[in-house]
Amino acid sequence: MITLALSKGRIFDDILPLLKTAGIEVLDDPEKSRKLILGTNQPDVRVVLVRATDVPTYVQYGGADLGVVGKDTLLESSSQGLYQPLDLQIAKCRISVAVREGFDYAAAVKQGSRLKVATKYVAIARDFFASKGVHVDLIKLYGSMELAPLTGLADAIVDLVSTGSTLKANHLVEVERIMDISSQLVVNQTALKLKQAPIRKIIDAFALAVENQSVR
């Protein structure tokens, strides 16, 4: 049995065409079913639904053989030893710095001000500001990041940005792009040795599907 760890939402929706190209079709709609283990049209392949932040853990410790997870989650997690054979080029977005309208971020950085930054991406934010020599106090939040600058909790936020419409609706502006994000295929190294042929088949099918998408 090959077990693939996925999270609900955009990654799940975006991976379905790639799975189909690999000859794998999920038999249940996770939005309509309460099942956490979903069968596929391949009797030896199943999908487990976990939180996005738990995908690396499931794959690292053998709860799943493969997983699909955002690059942001991989950078924030302490998962070591995961084989990362492929950037799937799906669920694309970016991690950026944003501030409230009217806040002179460039001047604050130039003056060497110590900035309060709210984020759930603490490791990414710490590395980014350290590389620029900017002094920051990081405030860990898990949601509603846009509120932090509006309430005075923080001067800036570091968060995922897709279209930028949420920032605009909350009177925030994107001032720096830290990195582009897309979803990665991760594989348990032990599983790759023990189930090499079927796992390689899936990796190769994904690689071909990604290549075909980029050509379009």
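**A walk from strand 4 outwards**

Two bridges join strand 1 to strand 4, and these strands run parallel. I'm starting there, everyone, on what is a predicted model. In that pairing, Ala 5 stands opposite Gly 67 of strand 4.

On the other pairing I want to show, strand 4 covers residues 66-70 and strand 11 covers residues 183-187; five bridges join them, and the two run antiparallel. If you'd like to find the register on screen, Leu 66 has Val 187 as its bridge partner in strand 11, and Gly 70 stands opposite Ser 183. As a quick reminder, strands of a sheet pair through backbone hydrogen bonds, either parallel or antiparallel.

Let's zoom out to the whole sheet. It is open, with six strands in the order 2-3-1-4-11-5, and the pairing is mixed. Strand 2 (37-39) and strand 5 (83-87) are the edge strands, each pairing on one side only. On average, neighbouring strands of this sheet are turned by 25° against each other, direction ignored.

Now back to strand 4. How many of its five residues are buried? Five of the five are, so to speak a full house. In a regular strand the side chains alternate between the two faces of the sheet. Here both faces are covered: one side has Leu 66, Val 68 and Gly 70, the other has Gly 67 and Val 69, and all are buried.

Val 68 deserves a closer look. Leaving aside neighbours within four places in sequence, Val 68 is in contact with a list of residues including Leu 4, Ile 11, Ile 15, Val 55, Leu 88, Ile 90 and Leu 185. That leads us to the largest nonpolar core, which has 30 residues; Val 68 is among those with the most contacts inside it, along with Ile 15, Leu 88, Leu 185 and Phe 206. Elements that each supply at least two residues of this core include strand 1 (2-6), helix 1 (10-21), strand 3 (45-49) and helix 8 (189-194). Which helix gives the most to this core? Helix 9 does, with six residues.

Apart from that core lies another, of 21 residues, among them Phe 103, Ile 124, Val 136 and Ile 181. Ile 124 takes us to helix 5 (residues 122-132), where the buried residues are Val 122, Ile 124, Ala 125, Phe 128 and Phe 129. Seen down the axis of helix 5, these fall within an arc of 165°, so they line one face of the helix. The face turned away from that buried side carries Asp 127, Ala 130 and Ser 131, which are exposed. Just after helix 5, Gly 133 takes a positive phi of about 75°.

One last stop, for those of you who like polar groups. Ser 96 lies in strand 6 (residues 93-100). Is Ser 96 buried or exposed? It's buried, with a relative accessible area of 1%. The side chain of Ser 96 makes a polar contact with the side chain of Glu 174, at 2.5 Å. Not counting residues up to four places away in sequence, Ser 96 also touches residues including Ile 157, Val 158, Asp 159, Val 161, Glu 176, Arg 177 and Ile 178.

That's my tour; thanks for listening, and I'm happy to go back to any view.

Technical notes
Residues are numbered from 1 along each chain as its sequence is written. This is a predicted model: local features need pLDDT of at least 70, side-chain atom pairs count only at pLDDT 80 or more; totals for chains, interfaces and linings use all residues. Side-chain values use heavy atoms; hydrogens and water are left out. Two strands pair if DSSP finds at least two bridges between them. Helices (H or I, at least four residues) and strands (E, at least two) are DSSP runs, numbered from the N terminus. Axes are lines fitted to C-alpha atoms, for helices over the stretch in contact, and angles run from 0 to 180 degrees between N-to-C directions. Buried means under 20% relative accessible area, exposed over 50%, partly exposed in between (1.4 Å probe, protein chains only). The arc is that of the directions from the helix axis to the C-beta atoms. A nonpolar core is a set of buried Ala, Val, Leu, Ile, Met, Phe, Trp, Tyr and Cys residues joined through side-chain atoms within 4.5 Å. Contact means heavy atoms within 4.5 Å. A polar contact is a pair of N or O atoms within 3.5 Å; within protein, one must be able to donate a hydrogen and the other to accept it, and residues adjacent in sequence count only if both atoms are side-chain atoms.
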